[in-house]
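The report below walks through a few helices and residues, and it is best read with the structure open alongside.

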Amino acid sequence: MTSQSILLRRYSKFLCAVTLFLIFLGALVKSTESGLSVPDWPTTYGKFMFAYPLNKMSGGIKYEHTHRMLASIVGLLTLVMAVWLFRVKNSAAWIKRLGVLAFLCVVAQGVLGGLTVLFYLPVWLSTLHGVVAQTFFLIVILIAYALSTERHHRWTIEEESCNPRVLHLSILLLVMVYIQLIIGNLMRHAQAGLAIPDFPTMGWTFAPHFDVAWLNRVNAWRFDHNLDPVNMKQVMIHLMHRCWAFLILLNVLWLNHVAYKESMEKPLVMKTLYWLNLAIVLQITLGISTVLSAKEVYTTTMHVTMGAIVLALSFLMVLRAAPLTWNQFRAALKRG
């Protein structure tokens with residue numbers, strides 16, 4: 001590799017890390033309900049974003065304005081990477097196109113963020129804003145992996161055999177986690193995070209009837225905790241999030257069974273699975289803690305951030321379990 005290629009590879013990993021931190025800040029904005037602390041866009045109280053006085057960044061403004069500034073920096077970093085990919089002679093055409101796609105995605109994300117403010121945080125638009133953020137994260141991860149020494153090393157050795165069952169389960173897990181993040185975004189922005197305020201029970205029973213009497217009991221608890229009442233639609237969104245999390249856990253357990261039985265000779269796959277297992281355990285723990293702590297700000301924020309980490313590890317699992325060429329990948333999907 002040339003020195004320029006090495007720098008670009010490190011830069012792509014840096015962008016992944018900054019993007020994850022941006023997701024953390026975005027989650028913090030929602031957890032602190034600071035989304036309209038700065039009511040105008042693209043300006044900040046009529047001033048150019050980076051000219052806003054630091055001594056006025058207090059309360060919710062501190063979270064929202066910091067999020068905006070870092071988002072702008074990520075956009076600039078993405079533009080630099082897209083241009084850099086075109087200037088490196090040995091970059092494949094599809095990687096260059098990914099760079100352009102990443103830039104378009106981050107621009108769309110910025111516009112969506114601005115529109116959520118201008119339209120006063122509508123649920124569907126705020127949810128879409130969160131989903132596009134996770135999609136952008138996946139794109140920059142793919143670029144970083146495409147430039148990595150690991151992928152380069154895999155090219156230089158004889159093509160590894162692929163276990164179709166592990167690949168299929170990994171892809172299924174990635175899709176399920178992505179859907180779970182959509183449901184989670186919808187739940188947060190629909191104010192359904194405590195629509196069922198207890199765990200492992202649901203409305204203080206293991207066999208809820210989801211009728212008016214049950215809902216009134218939940219809303220009585222919410223009234224005592226100075227929370228607005230919820231409706232049955234919000235309850236069902238929350239329940240969907242819990243049930244889908246359980247299905248993801250079952251998929252992970254089955255993936256472990258298959259991988260430990262058939263892929264022990266794949267150190268990259270098994271290493272990723274180890275970290276994925278750890279992330280899943282932490283994510284479940286944070287999800288339970290979010291409910292039991294009545295959505296304590298940093299617990300809730302870390303739950304969202306860990307969701308992004310689980311998504312990243314699920315994607316890395318697919319990348320490491322799959323062959324490197326598109327034709328071999330399609331052939332592997334047809335087997336098993």
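His189 has its place in helix α6, and in this predicted model the residue is buried, because its relative accessible area is 18% and the cut-off for buried is under 20%. Once its neighbours within four places in sequence are left aside, His189 is in contact with Lys30, Val123, Ser126 and Thr127.

Of these, Lys30 belongs to helix α1, which covers residues 3-31. With 1.5 Å a residue, the 29 residues of helix α1 should span 42 Å, and the end C-alpha atoms are indeed 42 Å apart, so the expected and the modelled span agree. After α1 comes Glu33, a residue whose phi is positive, near 55°.

Helix α6 also takes part in two helix crossings, which the table sets side by side.

| Helix pair | Axes come within | Crossing angle |
|---|---|---|
| α6 (residues 164-189) and α10 (residues 297-321) | 9 Å | roughly 160° |
| α6 and α11 (residues 326-334) | 8 Å | roughly 95° |

Taking α10 to begin with, the axes of α6 and α10 cross at roughly 160°, and α6 and α10 are therefore roughly antiparallel to each other, since angles over 145 degrees count as such. The crossing of α6 and α10 is left-handed. On the α6 side the contact is made by residues including Val166, Leu167, Ser170, Ile171, Leu174 and Arg188, while on the α10 side Thr300, Val304, Gly307, Leu311, Phe315 and Ala321 are among those taking part. Sorted by class, the residues of the contact of α6 with α10 comprise 15 nonpolar, 4 polar and 1 charged.

With α11 the arrangement is as follows: the axes of α6 and α11 cross at roughly 95°, and that makes α6 roughly perpendicular to α11, because the range for this description is 65 to 115 degrees. Here Pro164, Leu167, His168 and Ile171 in α6 meet Phe329, Ala332 and Leu333 in α11. This contact of α6 with α11 has 6 nonpolar residues and 1 polar residue, with no charged residues.

A last residue to look at is Arg154, which lies in helix α5, made up of residues 149-156. Is Arg154 buried or exposed? At 5% relative accessibility, Arg154 counts as buried. Along the chain, Arg154 and Pro323 are 169 residues apart, yet their C-alpha atoms are separated by 9.5 Å.

Key: Residues numbered from 1 in each chain as written. Predicted model: local features only at pLDDT ≥ 70, side-chain atom pairs only at ≥ 80, totals over all residues. Heavy atoms only, no water. Axes fitted to C-alpha atoms, helices over the stretch in contact; angles between N-to-C directions. Helix = DSSP H or I, 4+ residues; strand = E, 2+ residues; numbered from the N terminus. Parallel < 35°, antiparallel > 145°, perpendicular 65-115°, else oblique. Left-handed = near helix turned anticlockwise from the far one by under 90°. Contact = heavy atoms within 4.5 Å. Nonpolar A, V, L, I, M, F, W, Y, C, P; charged D, E, K, R; others polar. Buried < 20%, exposed > 50% of the residue type's maximum accessible area, 1.4 Å probe, protein only. Expected span 1.5 Å × (residues − 1).
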